[in-house]
Protein chains: 2
Amino acid sequence: MSIAVVNKNAKRGSTVKPDQESTSPPGLSSVKVAPRDRIVTTACELFRQHGIRGIGVDAIAEAASTNKMTLYRHFGSKDDLVCETLRVTSEKSGAMWADIETRFPDDAKAQLGAWVTALSDCLQREPSGCDIANAAVELKEAGHPAHAVIETFKILQREKLTDLCRRTGIQEPETLADTLLLLLEGARVSRQASGLEGPAQCFQRACRNTLTAFGVGAP
Amino acid sequence: MSIAVVNKNAKRGSTVKPDQESTSPPGLSSVKVAPRDRIVTTACELFRQHGIRGIGVDAIAEAASTNKMTLYRHFGSKDDLVCETLRVTSEKSGAMWADIETRFPDDAKAQLGAWVTALSDCLQREPSGCDIANAAVELKEAGHPAHAVIETFKILQREKLTDLCRRTGIQEPETLADTLLLLLEGARVSRQASGLEGPAQCFQRACRNTLTAFGVGAP
DNA sequence: CATAGGTGTGACCGTTCGGTAACAAATGAC
DNA sequence: GTCATTTGTTACCGAACGGTCACACCTATG
């Protein structure tokens with residue numbers, strides 16, 4: 001198979017003094033970032049790029065400017081690391097929800113609109129689909145520890161969206177929420193397989209149409 | 001340790017009912033199936049169950065009641081086999097389209113309804129999502145030969161559905177087609193991550209609602 | 001300065017996996 | 001029956017991978 005996995009069993013030829021830290025996103029993070037955090041951040045990125053099974057722990061450690069041993073001191077196994085990255089991704093989603101609620105307090109309809117916009121923007125930016133759903137595709141092994149994380153996130157996401165739909169006062173809020181979720185998941189997976197010009201391009205319009213059909217249209 | 005060879009078929013008499021080949025699913029295929037076909041069929045199944053990266057060629061060959069060497073004589077590499085299974089899956093989809101057109105000739109609206117029903121049934125049966133989309137999730141490596149197969153299928157599927165929507169005479173047939181595709185992909189991926197009780201359960205209703213909103217409602 | 005705890009390094013192990021070589025056995029056409 | 005093609009069998013290779021060990025290093029704190 002052409003699984004040219006980006007592993008390479010980490011060999012640093014020259015003993016480069018750590019002037020780096022270019023690993024972390026070029027933000028204000030010139031302050032020291034603990035190895036553990038670098039590992040999680042890097043793993044999130046690489047799992048998204050290459051798939052969970054497509055990247056090795058060696059490559060993750062090296063990309064995080066550390067080494068495999070330190071990785072295994074913080075995470076007992078690769079599966080543990082996978083679960084942690086999934087948890088971090090879930091928390092990011094939670095932050096988005098909090099942001100929406102802050103911007104439109106007590107306005108369920110506006111929040112729903114903001115949800116569509118936020119996810120649509122996210123869709124433009126991220127070339128990969130939902131990391132959580134992708135993990136579910138890759139990790140079919142029965143009893144994999146990530147399954148619990150995936151299930152928890154999916155249930156929580158559904159509850160939040162259903163509750164939001166319910167607060168708009170419409171009938172059948174569950175159906176609206178599930179429809180929006182299907183559109184979202186579909187757009188994410190379609191974006192991976194067909195790119196931005198594929199069916200994913202009409203995600204926002206499809207959501208607006210659906211909202212209108214359910215009576216949550218904009219004024 | 002070689003396993004008990006289940007092969008030894010007793011083709012003693014001349015007109016013995018071919019009871020052999022208990023390998024293939026208990027269908028009407030008691031006629032001899034060539035190793036190559038057994039491999040493709042088995043690979044489709046195992047890829048779906050364990051993921052492409054989750055099953056090895058050895059296991060596939062054994063499950064197909066043959067061996068790795070024969071597999072490699074028919075397919076130059078595992079990637080080749082993957083592409084072939086994807087092609088076969090595409091053809092099955094083509095068969096579904098032909099069936100729909102046969103059952104409702106020159107009735108675009110009925111065909112659209114049948115499309116929703118057929119995919120909804122398929123969703124109930126198959127625990128795994130769209131094999132093609134799943135492959136896209138698993139095989140992120142640039143230049144993987146499967147990408148061409150995936151792209152071809154996705155484009156063709158989209159064209160067929162768009163054309164069907166256009167023949168109903170509605171406005172914006174592209175948007176309707178893309179919306180239905182998003183719902184389908186979403187339902188498939190959601191069914192994997194959340195099961196049948198998740199958002200996938202409302203796939204059919206969401207499709208019907210969408211059809212109604214676009215003016216393709218039932219009489 | 002001394003010490004302790006987190007970190008870096010490289011070697012190593014066992015397994016799995018994709019892929020190949022060489023040879024024996026079965027099968028089918030003539 | 002003969003012969004060519006297709007299958008089966010076994011053993012093997014090399015690479016990649018997850019994971020561990022022993023030991024050196026660094027740095028903060030007392």
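How are α8(B) and α9(B) oriented to each other, roughly parallel or roughly antiparallel? Their angle is about 170°, so α8(B) and α9(B) come out roughly antiparallel. This is a predicted model, in which local features need pLDDT of at least 70, side-chain atom pairs count only at pLDDT 80 or more, and totals for chains, interfaces and linings use all residues. Residues are numbered from 1 along each chain as its sequence is written, while chains are lettered from A and ligands numbered from 1 in the order in which they are written.

**How the two chains relate**

- Chain B lands on chain A after a rotation of 180° with 0.0 Å of shift along the axis, at an RMSD of 0.1 Å (least-squares superposition on C-alpha atoms of residues with pLDDT of at least 70 in both copies).
- The two copies are therefore related as by a two-fold rotation axis.
- Among the residues of chain B, G186(B) gets closest to that axis, with its C-alpha at 1.8 Å.

**The A–B contact**

- Each side brings 44 residues: 44 from chain B and 44 from chain A (residues are in contact if their C-beta atoms, placed from the backbone, lie within 7 Å).
- On chain B, α1 (35-50), α4 (78-103), α6 (131-138), α7 (146-167), α8 (173-194) and α9 (203-213) each put in at least two residues (helices are DSSP runs of H or I with at least four residues, numbered from the N terminus).
- The top contributor on the chain B side is α8(B), with 15 residues.
- By class, that side of chain B splits into 17 nonpolar, 16 polar and 11 charged residues (Ala, Val, Leu, Ile, Met, Phe, Trp, Tyr, Cys and Pro count as nonpolar, Asp, Glu, Lys and Arg as charged, and the others, Gly among them, as polar).
- The copies meet through the same surface, because 91% of the interface residues of chain B are also interface residues in chain A.

**Helix pair across the interface**

- The axes of α6(A) (residues 131-138) and α6(B) come within 10 Å and cross at roughly 105° (axes are lines fitted to C-alpha atoms, for helices over the stretch in contact, with angles from 0 to 180 degrees between N-to-C directions).
- That makes α6(A) roughly perpendicular to α6(B) (65 to 115 degrees is roughly perpendicular, under 35 roughly parallel, over 145 roughly antiparallel, and the rest oblique).
- N134(A), V137(A) and E138(A) meet N134(B), V137(B) and E138(B) there, a set of two nonpolar, two polar and two charged residues.

**Helix packing inside chain B**

- The axes of α8(B) and α9(B) lie 10 Å apart.
- From α8(B), L176(B), T179(B), L180(B), L183(B) and A187(B) meet F203(B), A206(B), C207(B) and T210(B) of α9(B), giving seven nonpolar, two polar and no charged residues.
- Helix α5(B) (residues 108-125) comes within 8 Å of α7(B), axis to axis, and crosses at roughly 140°, which means that α5(B) is oblique to α7(B).
- A108(B), Q111(B) and L112(B) in α5(B) meet L164(B), C165(B) and R167(B) in α7(B), so to speak a contact of four nonpolar, one polar and one charged residues.

**DNA strand C**

- There are 18 residues around DNA strand C, and the closest are T66(A), M69(A), G56(B), S77(B) and K78(B) (a residue is near if its C-beta atom, placed from the backbone, lies within 6 Å).
- α3 (68-74) of chain A, plus α2 (57-63) and α3 (68-74) of chain B, each supply at least two residues of this surface.
- Its residues divide into seven nonpolar, six polar and five charged.

Definitions and conventions
Contact = placed C-beta atoms within 7 Å.
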